[in-house]
Amino acid sequence: MMRSLYSGVAGLKIHQTKMDVIGNNIANVNTVGFKSSSVNFSDTFYQTVSPATGPNSTTNTAGTNAKQIGLGGLVASITTNITENGGTTTTNRALDLAINGESFLVVNVGGEKLFTKSGALNVDPDGNLYCTTNGGIVQGWMADDDGNIVKDIATDLKIMTAKQTSAEPTATKAATILGNIDPNDKNLAPTVDANNKITAGGTPVTFSFYDNLGELYTVKMMITQDETQAGATESSIVPYTVRVADVYNSNGESIFVKKEVQADGSVKYSNSGAIIRFGEGNNFGVDTSVTGTGITNGVNESTGEFTLDSTLVPLLFNSATGAFAAVDSKYTAGTSGTTVTNNRKNSEFAGNCINFSVVQTSDDHVGTDSTFPQYDAATDSGGIELDFSTLTQFSKGGTCEMTYKRGDQQGKNAGNYAGTMSGISIDDEGKIYGKYTNGETKCLAQICVATFSNPSGLEAEGESLFRASLNSGLFDGIGEEVSKSGSFTVGALEMSNVDLASEFTNMITTQRGFQANSRIITTSDSMLEELVNLKR
């Protein structure tokens, strides 16, 4: 009689446990990243009244089965449904991530690596990326100064440090000259002096560049058509020459002239000592051979006018097609200015580019002391590569139309000024990018994830956190890219995977099971009462 009472009590306990789990599931139906749990029962120990016996031919008796009385049930397992993804809800928030797949975010909580499905992220005052549902600092890999991810031991992602919130200026390393040189443009005709040296004339074209400090400079060049083709090795070649006429700083002032205000308020101009390099010729600056009234070291002290002792570099076009031919040594200019070859050793630029660099802006800022990237002849690198290969020579009404863009034809090496961070974004691979006021976008870090051979073996810690156990498999400390097991959906969150229809159905069966077990106790009590009442 007593066994049924205890079986009923055991049944009540396990159904109460199941009801507790169901209640927790329903309570977290809207919890971000919550994983529902389910309860499994098993029967418990048996009391064997008589064991099983086999048949006996001697006594001619058949075998009998064992007689066993069960002692109720118990909770066999409470399983977390981790592998079942919850629904995705859109938030349109740049730092919200929904994890598609069986991987987990790795977070640092009090120095311990824990795991979560909650992708509601934010940045704390120290610049750490953290999970808002539990305060854990998100783990991943940081990028180097060039924006390359360095995959090593997973570490705290600091994405808004003092260094990262500002973008350092970068020097321009390339520029592309675009447009068309119309051979009928009268401005292409050069003005030459008695020594047949170009002193003026030509069609202007400019380009701008940034130095190492992010200061913007503008270079004015002049393109002239050389009518003397006797030196051309190919009759189909139409030669032009390009020279530098001036270089201006961000205030529009020439770097070749120094301006000094006198005591009487007048302005006196002088040679600053600036030197530039254009092509593979000699370095040059103001033409100090120019003399005249009020001119000192080639500069007019009253007006600031001057002439550069410019290197002339040939630009060659195919006269039949109008296409650009080369920046090459096949042609020697008919005018007697300094004409140079530009056969670069680097095949990437050979025949298409002219190298420009500011060697010094004054006697005090020379070479490595200059803010400008310098050309290194030993490595054939540095300076600014001016790509002329997209120019054409078509007749278009007698007017040249030329412009430029900073950077090469792919837009690389354009340089930039200093900027400050204006925003953060995350892509579907977990890479975090900083956006800056100067238009730059830089990779700062990448979020790593963890996967487990038996994710159901993880131990729930509350606050949407899980801890690795011996049955789940351990975290290797490095993590992996989310692309190996799924992807991130940016601007969305993974919600709870609780199925309310199933939970309410389980609630009904649990209630009925609890009710039936309570009847075991009341019925057993009635039977005990009848037994007590046998003697009156």
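Asn28 is buried in this predicted model, because its relative accessible area is 18% and the cut-off for a buried residue is under 20%. Along the chain, Asn28 sits in the loop that lies between helix H1 (2-27) and strand E1 (37-43). Its side chain reaches back to the backbone oxygen of Asn24, at 2.9 Å, and once neighbours within four places in sequence are left aside, Asn28 is in contact with Phe34, Ser496 and Val498.

Ile508, which belongs to helix H2 (residues 500-532), offers a contrast, since this residue counts as exposed, with a relative accessibility of 52%. Although Ile508 and Met19 are 489 residues apart along the chain, their C-alpha atoms are separated by 9.8 Å.

We can now turn to the nonpolar cores. In soluble globular proteins, nonpolar side chains tend to be buried together. Here the largest nonpolar core has 42 residues, and those with the most contacts inside it are Phe207, Met221, Val244, Phe278, Leu315, Phe356 and Phe388. Several strands each supply at least two residues of this core, among them strand E14 (174-180), strand E17 (203-210), strand E18 (216-225) and strand E25 (311-318), while E19 gives the most, with 5 residues.

Phe278 lets the reader follow this core from the position of one residue: leaving aside neighbours within four places in sequence, Phe278 is in contact with Met221, Val242, Arg243, Val244, Phe284, Thr311, Val313, Ile354, Asn355, Phe356 and Leu386. There is also a second, separate core of 26 residues, which includes Leu121, Leu157, Ile432 and Phe488.

Conventions:
Residues numbered from 1 in each chain as written. Predicted model: local features only at pLDDT ≥ 70, side-chain atom pairs only at ≥ 80, totals over all residues. Heavy atoms only, no water. Core = buried A, V, L, I, M, F, W, Y, C linked by side-chain atoms within 4.5 Å. Buried < 20%, exposed > 50% of the residue type's maximum accessible area, 1.4 Å probe, protein only. Helix = DSSP H or I, 4+ residues; strand = E, 2+ residues; numbered from the N terminus. Contact = heavy atoms within 4.5 Å. Polar contact = N/O pair within 3.5 Å; in protein donor to acceptor, adjacent residues only side chain to side chain.
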